[in-house]
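Here is a protein model to look through together. The questions below ask why each label is used and how it can be checked.

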Amino acid sequence: MNSQEQPQPKINITKSSDYRENYSNSVQVRVSVWDFFLAFGLVHQDAPDTVSIQNLQGIYLSPQQAKALLGLLQQNFSGYESAFGEIKLDPRLTPQGPVH
């Protein structure tokens with residue numbers, strides 16, 4: 001080991017008393033100079049011309065943590081698609097418009 005390298009710290013992961021897991025089929029993203037905000041929710045098609053989104057949880061991430069998440073997601077999508085094939089998106093669901 002190089003004398004300038006520090007050993008990696010041991011990481012202990014625990015669940016808080018209010019920890020919960022949910023399913024989400026919708027995420028909206030807002031960006032500011034200070035953080036990224038991800039709002040997770042459920043999409044319901046109430047009628048052929050009406051879609052409702054019920055937001056369940058909002059999470060703020062620092063830009064650094066958001067970029068780290070992006071890297072982890074890219075790595076995991078690559079492995080998933082190698083194992084199971086390409087994930088195809090509905091072109092109607094492609095993000096459009098300004099970022100708020």
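**Why is it called that?**

Q: Why is Glu 86 called exposed?
A: The relative accessible area of Glu 86 is 60%. Exposed means over 50%, so with 60% Glu 86 earns the label. Please keep in mind that this is a predicted model.

Q: What makes the meeting of Lys 88 and Glu 86 a salt bridge?
A: The distance between the side chains of Lys 88 and Glu 86 is 3.7 Å, taken from N to O. A salt bridge needs a side-chain nitrogen of Lys or Arg within 4 Å of a carboxyl oxygen of Asp or Glu, so this pair qualifies. A search of the whole structure finds one salt bridge.

Q: Is Lys 88, the partner in that salt bridge, buried or exposed, and how do you know?
A: Lys 88 is exposed, with a relative accessibility of 66%. The cut-off is over 50%, therefore Lys 88 passes it.

Q: Why is Tyr 80 called partly exposed?
A: Tyr 80, a residue of helix H1 (residues 63-84), has a relative accessible area of 44%. Buried is under 20% and exposed is over 50%, so 44% puts Tyr 80 in between.

Q: What makes Tyr 80 eligible for a nonpolar patch on the surface?
A: A patch residue needs over 30% relative accessible area, and Tyr 80 has 44%. Tyr is also among the side chains counted as nonpolar for this purpose. The patch consists of Leu 69, Leu 73, Phe 77, Tyr 80, Phe 84, Ile 87 and Leu 89, and their accessible area together is about 730 Å².

Q: How do you know that E1 and E2 are paired?
A: Six bridges join E1 and E2, in the antiparallel sense. Pairing asks for at least two bridges, so E1 and E2 count as paired. Val 29, for example, has Leu 38 in E2 as its bridge partner, and Val 31 stands opposite Phe 36 in E2. The two strands form a hairpin with four residues between them.

Q: What makes E2 and E3 a pair?
A: Strand E2 (residues 36-47) and strand E3 (residues 50-61) run antiparallel and are joined by 11 bridges. At least two are required, so E2 and E3 are a pair as well. One of the matches is Phe 40 with Gln 57 in E3. A hairpin through two residues links E2 to E3.

Q: What kind of sheet do the three strands form, and in which order?
A: They form an open sheet in the order E1-E2-E3, with antiparallel pairing. Strand E1 (26-31) and E3 are the edge strands, since each pairs on one side only. On average, neighbouring strands of this sheet are turned by 25 degrees against each other, direction ignored.

Q: Where does helix H1 lie relative to the strands?
A: H1 lies across E2 and E3, and runs at about 115 degrees to E3. Along the sequence, the protein follows the pattern β-β-β-α.

Q: Why is Asp 35 called partly exposed?
A: Asp 35, in the loop between E1 and E2, has a relative accessible area of 23%. Buried would mean under 20%, so Asp 35 is partly exposed.

Q: Which residues does Asp 35 contact outside its neighbours within four places in sequence?
A: They are Arg 30, Tyr 60, Leu 61 and Pro 63. Pro 63 is 28 residues from Asp 35 in sequence, and their C-alpha atoms are 5.5 Å apart. The C-alpha atoms of Gln 64 and Asp 35 are separated by 8.9 Å, with their positions 29 residues apart along the chain.

Q: Why are Gln 64 and Lys 67 called exposed?
A: Both residues lie in helix H1. Gln 64 has a relative accessible area of 59%, and Lys 67 reaches 64%. Exposed means over 50%, so both get the label. From C-alpha to C-alpha, Lys 67 is 9.8 Å from Phe 36, although the two are 31 residues apart in sequence.

Q: How many of the 100 residues, as a percentage, are buried?
A: Buried residues make up 7% of the protein. The accessible surface comes to about 9400 Å², and 56% of that belongs to carbon and sulfur atoms.

Technical notes: Residues are numbered from 1 along each chain as its sequence is written. This is a predicted model: local features need pLDDT of at least 70, side-chain atom pairs count only at pLDDT 80 or more; totals for chains, interfaces and linings use all residues. Side-chain values use heavy atoms; hydrogens and water are left out. Patches are made of residues with over 30% relative accessible area and no salt bridge: like charges are joined within 9 Å, nonpolar side chains (Val, Leu, Ile, Met, Phe, Trp, Tyr) within 5 Å. Accessible areas come from the Shrake-Rupley method with a 1.4 Å probe; for residues, only the protein chains shown count as cover. Buried means under 20% relative accessible area, exposed over 50%, partly exposed in between (1.4 Å probe, protein chains only). Axes are lines fitted to C-alpha atoms, for helices over the stretch in contact, and angles run from 0 to 180 degrees between N-to-C directions. Contact means heavy atoms within 4.5 Å.
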